[in-house]
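Work through the exercises below with the structure in view. Each task is followed by a solution in steps.

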Amino acid sequence: MIVAFSVAPSGGPAASSDGSVHDAVAAAVRVVRESGLPNRTSSMFTEIEGDWDACMAVVKAATEAVLPFGTRVSLVLKADIRPGHTGEIDGKLERLEAALDS
C-alpha cells in the first residue's frame with residue numbers, strides 16, 4: 001500500500017513567528033526516513049510504501065513525534081491499497097511519465 005499523509009500541530013507554541021511548523025514537520029519526517037520504508041516528501045504530503053501494519057506504525061510514530069509541538073495534532077491520510085503490488089511509489093509515476101511522453 002501507499003499512504004500519503006500530512007501531520008501538523010496546532011495550539012500552543014507550535015508555529016514559529018512566521019507561522020511555519022517546519023520543526024514539527026521535520027520531527028515527523030525524521031521518523032519516516034528512519035523507518036526504512038520507501039518514502040518521499042513534498043511541500044504538502046509525505047508518502048510511504050509498505051504493508052498495512054508497517055505503514056500505520058510509521059504514521060502513528062510520526063504523529064506522536066509532532067505531539068510535543070502543540071496542544072493538538074491534525075492528521076490527513078490517504079491510502080492506495082493494492083494487494084500483491086510493490087514498488088508502486090515509483091511505478092505509478094513512471095507509468096504517468098511514459099503516458100505523457102507517448
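**Exercise 1: the second largest pocket**

The second largest pocket holds about 170 Å³ of space. The model is predicted: local features need pLDDT of at least 70, side-chain atom pairs count only at pLDDT 80 or more, and totals for chains, interfaces and linings use all residues. Residues are numbered from 1 along each chain as its sequence is written, and side-chain values use heavy atoms, with hydrogens and water left out.

Task: describe the lining of the second largest pocket by residue, element and class.

Solution. Start with the terms. A pocket is an open set of points on a 1 Å grid over the protein atoms alone, where a 1.4 Å probe fits, with protein on both sides within 12 Å along at least five of seven lines; lining residues have an atom within 4 Å of a point. Grid points are joined across faces, edges and corners, and the volume is the space filled by probe spheres set on them.

Step 1. Of the 15 lining residues, Ser 6, Val 7, Val 25, Met 44 and Thr 46 are the closest to the centre of the second largest pocket.

Step 2. S1 and H1 are the elements that give two or more residues to this lining. Helices (H or I, at least four residues) and strands (E, at least two) are DSSP runs numbered from the N terminus.

Step 3. By class, this lining has 10 nonpolar, five polar and no charged residues. Ala, Val, Leu, Ile, Met, Phe, Trp, Tyr, Cys and Pro count as nonpolar, Asp, Glu, Lys and Arg as charged, and the others, Gly among them, as polar.

**Exercise 2: the largest pocket**

Task: do likewise for the largest pocket, with a volume of about 220 Å³.

Solution. Step 1. Ile 2, Ala 4, Glu 47, Asp 80 and Lys 92 are the closest to its centre among 13 lining residues.

Step 2. S1, strand S4 (72–80) and H3 each give two or more residues, and H3 has the largest share, four residues.

Step 3. The classes are seven nonpolar, no polar and six charged residues.

**Exercise 3: helix H3**

Task: compare the span of H3 (residues 88–101) with its expected value.

Solution. Step 1. The expected span is 1.5 Å times one less than the number of residues. Step 2. For the 14 residues of H3 this gives 20 Å, and the end C-alpha atoms are 19 Å apart, which agrees.

Step 3. Glu 88, Ile 89 and Gly 91 of H3 are buried, meaning under 20% relative accessible area (exposed is over 50%, partly exposed in between; 1.4 Å probe, protein chains only).
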